[in-house]
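Here are my notes on this one, jotted down while I had the model open. Skim the points in order and keep the viewer beside you.

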Amino acid sequence: MARAFALLLFLGLGLAQTTPVWGFRVVNTYPHDPAAFTQGLVYHQGVLYEGTGLYGQSSLRRVELKTGRVLQSHRLGAEYFGEGVTLFQNRLYQLTWRNRVGFINDLSLRPIGRFSYDTEGWGLTHDGRSLIMSDGSARLYFLNPRTLRPERTLIVRADGVPVERLNELEYIQGRIWANVWLTTRIAIIHPQSGVVEAWLELSPLALLAQARNPNPDAVLNGIAYDEQNRRIYVTGKLWPYLFEIEPLRK
C-alpha cells in the first residue's frame, strides 16, 4: 500500500514543471463520514450538500458541517453511480458516471427533473452564468443553464500539456478549481484560457487520511466554497475528515 500511494504521489508531483505550487494551512478539521464515497461537495447556508458514488450506494445528502452528521439523504437508483454536484439558482444538479443522465433536486432533496449529456459525468460547478462539467478528460464543458447543452468547451493545460482526469470542480474567486483524479493536487484554472495558473498540493492531508484508511480508492476528491466568508473546504473519498484550509500562494 505504501508503494501504491508513493506512485500516486509521484504522478501528482510529475504534473507541474514551471507552474507555481501552493502550500496550505489547516484552519479547522471536522468529522466526515468515512463510508461516503465523495464525488461532489457544495456549501450553502451552513450545511454541505454532498454527492456520493458507487453502484447501489450513490446518494445526495445534506450534511452538518461541524459534526459530519447526515441530516437528510436521497438515494439514487442502484443502476446509477453518482458523480459531481453543484447548486445553481436553488436547484441541485447531480451527474452520474456512465449513464449520461443528470438529476435536478430542490434544496429539500426532492427530485424535480433530469437532463442528459453525451459524455461520462465526473465533476460539476458553475460560474454564475454556465454550469461547468468535467468528463475525466482534459476538457471542460460550459452548459447553458436553460437548455443544459454545451455552449463551449475548454481544454485545460499546464505548461502546454493537457491535464487529463479532471474530476470534482468548484468555482472560487474567478477560477475553476479541479481535483485531478489519482493525484494529491488541485488545479487552479483560468476559465477563459484553460491555463493552470497554480497547483495546490495537499499530499499531507492525503497521507493523514491514508493513515486512517489505506483503501487505494480513498483519494482526494471534494472541494466546497463558502463565498460569503471565503472559506474553502476539502475532503476525499472515504476520508474520515473534512478540512477547512487556507491556501499559501507562492
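1. In what order do the four strands of the open sheet come, and is the pairing parallel or antiparallel? The order is S2-S3-S4-S5, and the pairing is antiparallel. Strand S2 (38–44) and strand S5 (70–75) sit at the edges, each pairing on one side only. From one strand to the next the twist averages 15°. Bear in mind throughout that this is a predicted model.

2. Start with the S2 end of that sheet. S2 and S3 are joined by six bridges in the antiparallel sense, with histidine 44 standing opposite valine 47 in S3. Two residues lie between these strands in the hairpin, and glutamine 45 there takes a positive phi near 50°. As for cover, S2 is mostly out of sight: seven of its seven residues are buried.

3. Next pair along: S3 (residues 47–52) and S4 (residues 59–64) are antiparallel too, over six bridges. If you want a register check, tyrosine 49 is opposite arginine 62 in S4.

4. Now the pockets. The largest pocket has a volume of about 570 Å³, and 24 residues line it. Which of them lie nearest its centre? Those are Tyr43, His126, Glu170, Tyr225 and Glu227. Several strands chip in: S2, strand S6 (82–88), strand S10 (124–126), strand S16 (166–172) and strand S20 (220–226) each supply at least two lining residues. By character, the lining of the largest pocket divides into seven nonpolar, twelve polar and five charged residues.

5. The second largest pocket holds about 220 Å³ of space. Its lining comes to 14 residues, and Phe81, Glu83, Trp97, Trp181 and Lys237 lie nearest the centre. The split for the second largest pocket is nine nonpolar, two polar and three charged.

6. Have a look at strand S17 (residues 175–180). Why call it largely enclosed? Because five of its six residues are buried, S17 is largely enclosed by the rest of the structure. On one pairing, five bridges join S16 to S17, and the two run antiparallel. Glutamate 170, one of the residues nearest the centre of the largest pocket, stands opposite tryptophan 177 in S17. The S16 and S17 hairpin has two residues between its strands, and glutamine 173 in the turn shows a positive phi of about 50°.

7. S17 also pairs with strand S18 (residues 185–189), antiparallel over four bridges. Here alanine 178 has alanine 187 in S18 as its bridge partner. This hairpin has four residues between the strands, and leucine 182 takes a positive phi near 75°.

8. Last, a single residue worth clicking on: tyrosine 93, found in strand S7 (residues 91–96). Is tyrosine 93 buried or exposed? Its relative accessible area is 4%, so it counts as buried, the cut-off being under 20%. Leaving aside neighbours within four places in sequence, tyrosine 93 is in contact with a list of residues including Gly84, Val85, Thr86, Phe88, Phe103, Ile104 and Phe115. Leu124, Leu131, Pro145 and Leu148 are also among the contacts of tyrosine 93. For a distance to check in the viewer, tyrosine 93 and threonine 119 are 26 residues apart in sequence and 16 Å apart in space, C-alpha to C-alpha.

Notes
Residues numbered from 1 in each chain as written. Predicted model: local features only at pLDDT ≥ 70, side-chain atom pairs only at ≥ 80, totals over all residues. Heavy atoms only, no water. Pairing = 2+ DSSP bridges. Axes fitted to C-alpha atoms, helices over the stretch in contact; angles between N-to-C directions. 1 Å grid on protein atoms, 1.4 Å probe; cavity = no way out; pocket = protein on both sides within 12 Å on 5 of 7 lines; lining within 4 Å. Points joined across faces, edges and corners; volume = space filled by probe spheres on them. Nonpolar A, V, L, I, M, F, W, Y, C, P; charged D, E, K, R; others polar. Buried < 20%, exposed > 50% of the residue type's maximum accessible area, 1.4 Å probe, protein only. Contact = heavy atoms within 4.5 Å.
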